[in-house]
Amino acid sequence: MRFTRQATAALLALLTLPACAPSDGAAATPAASGKGTPAPVADAGAGAPGIGDADFPLDGNGGYDVGHYDVTIGYTPATKHLDGVTTIDATATQPLSRFNLDLRGLEVSEVTVDGAKAGFDRRRDELVITPATALAKGARFTVKVTYAGEPKPVKDPSNLGTYGFIPTTDGAFVASEPSGSKTWFPNNDHPADKATFDFRITVPRGLTALANGELTGKTAAPGGRTTFTWRETHPMVTYLATATLGKFELRQGRTAGGIPNLAAVDPAYHDALGKLYRVSGEVTDYWSKVFGPYPFSATGGVVDNFSAGYALENQTKPMYGGFDPDTSIIAHELAHQWFGDSVSIERWKDLWLNEGFATYAEWLWSEHTGGATAEAMFRRQYAAKNDPIWKYPPGRAKPGDLFNQSVYRRGAMTLQVLRRAVGDETFFKLLRTWVADHKYGNATTPEFIALAERLSGKQLDTLFDAWLFQPSRPEV
Ligand code: TRP
Ligand code: ZN
């Protein structure tokens, strides 16, 4: 399927409208709740400060749906200073006298809506914008935010370490899951609102800026600098956006299957470049057979010298923080291109749809290459009776502990139990149907369960309930 910009915008409107309907969110304003509560006059037409994810009440916003971001930034590693202009094309899903964007830190100097100066106010991580003229429901509008400052990485108290825009010795490592993109550009920071992106990143000469999608230009800029332009034409969640920059060695070409492939490594990882390029290509081509056609226009990987010790599945540009990735983790991050990036979660509690599937893909890769089978991997994990994963139901990721090992490993085990129950043919057809049905959109756990039951003709509630939702080790 090919998507023109217009078709994508139309599709986006269809796919993401329901996500913006503030029906299940604690954060929905009375004006928008549709429950008959009289709206306080002061709040009439105000977009909700959250998109409606009860676990993260202020993440994302209500009242509009973003179609496209143009993120223009200049960054100077020596001073850690960032200058930015972000232009957002959106559609109002309700009348709006004001609305919010998410933005953390940084200083805003000007906001315009449809070219007219707008009022703005900062309230914690919310940028509250009052357009000169209220927007009608259904109106398409353009917001432009001019800002600057030093982006501050988010230090997560739970299991996430540091994420966001992270300075390195020669630039920045930008990995924003789950909510760090608001530390470097204003946006609707929740996976339920996907949009296409243009990036224009200006850096000192000699550095390379790597963003999502395809490189569309590299031009000289004033002050001995270079501007890199990148375009992601497929809908993307905000947490997958990157603008990783610094000194990089590049290798470019195509996979055997014909997909443009770009590997980039910090010079400290010079020896990792060849393998990263080759394995990323092989894995992309193999997953394209197992899960269905590759959903994006480029693949590859980036190794930077920030010792995160972890990787992130940034759309078209998985990133590895401070290590030479083995094949297993490359298989994981590239499986995310289907599970998480193309098919995205609508609520964070469903995170096993990303991490359980990507972990299961590691097992499939092992099976494919003559290592342990997925069944053997399952048995090994199942044997550990005292593993803390048994106390944590993976089908309901906890806001304070989103990336718990259970979401990864017990999530993957759920898929192996499902595969046993429905058989290989139905199981792999299910994976392919899932990614085809929800391509470039959002999906939920109940939708996955319903599809599994429909394709197998089996009642699977007991299986899914025991594996995803009970705080105990299921019987097998
Ligand atoms: N999604 C990543 C993975 O399992 C893990 C992750 C979450 C992460 N948040 C991050 C990695 C922030 C880097 C930065 O593949
Ligand atoms: Zn993952």
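## Salt bridges and the model

A salt bridge is a side-chain nitrogen of Lys or Arg within 4 Å of a carboxyl oxygen of Asp or Glu. A search of the whole structure finds 14 such pairs. One network of salt bridges links Glu 367, Arg 419 and Asp 424.

The structure is a predicted model, in which local features need pLDDT of at least 70 and side-chain atom pairs count only at pLDDT 80 or more, while totals for chains, interfaces and linings use all residues; side-chain values use heavy atoms, without hydrogens and water. Residues are numbered from 1 along each chain as its sequence is written, with chains lettered from A and ligands numbered from 1 in the order in which they are written.

## The network at Glu 367 and Arg 419

Within the network, Glu 367 forms a salt bridge with Arg 419, and the closest N and O atoms of this pair are 2.8 Å apart. Glu 367 belongs to helix α5 and Arg 419 to helix α7 (residues 405-422), so the salt bridge ties together parts that are 52 residues apart in sequence. Helices (H or I, at least four residues) and strands (E, at least two) are DSSP runs, numbered from the N terminus.

The two partners can also be described by their relative accessible area, where buried means under 20%, exposed over 50%, and partly exposed in between (1.4 Å probe, protein chains only). Arg 419 counts as buried because its relative accessibility is 8%. Glu 367 has a relative accessibility of 27% and therefore counts as partly exposed.

## A salt bridge between a loop and helix α3

Another salt bridge joins Asp 324 and Lys 275, with 3.6 Å between the closest N and O atoms. Asp 324 is found in the loop between β21 (319-321) and α4, whereas Lys 275 is in helix α3 (residues 273-290), so parts that are 49 residues apart in sequence are tied together. Asp 324 is partly exposed because its relative accessible area is 40%. Lys 275 also counts as partly exposed, at 30% relative accessibility.

## The hairpin of β6 and β7

Strand β6 (residues 119-123) pairs with strand β7 (residues 126-130) in the antiparallel sense, over five bridges. Two strands pair if DSSP finds at least two bridges between them. Within this pairing, Phe 120 has Ile 129 of β7 as its bridge partner. The hairpin has two residues between the strands, and Arg 124 takes a positive phi near 50° there.

Asp 125, in the loop between β6 and β7, has its partner in a distant part of the chain. The side chain of Asp 125 meets that of Arg 104 in a salt bridge with an N to O distance of 3.0 Å. Arg 104 lies in the loop between β3 (99-102) and β4 (107-113), and the two residues are 21 residues apart. Arg 104 has 36% relative accessibility and therefore counts as partly exposed. Asp 125 is partly exposed as well, with a relative accessible area of 24%.

## A buried charge without a salt bridge

Which residue is buried yet has no salt bridge? This is Asp 156, which lies in the loop between β9 (154-155) and β10 (162-167). Its nearest side chain of opposite charge is that of Arg 104, 8.6 Å away. For this purpose, Lys and Arg count as positive and Asp and Glu as negative; His and the chain ends are not counted.

Leaving aside residues up to four places away in sequence, Asp 156 touches Gly 161 and Tyr 163. Contact means heavy atoms within 4.5 Å.
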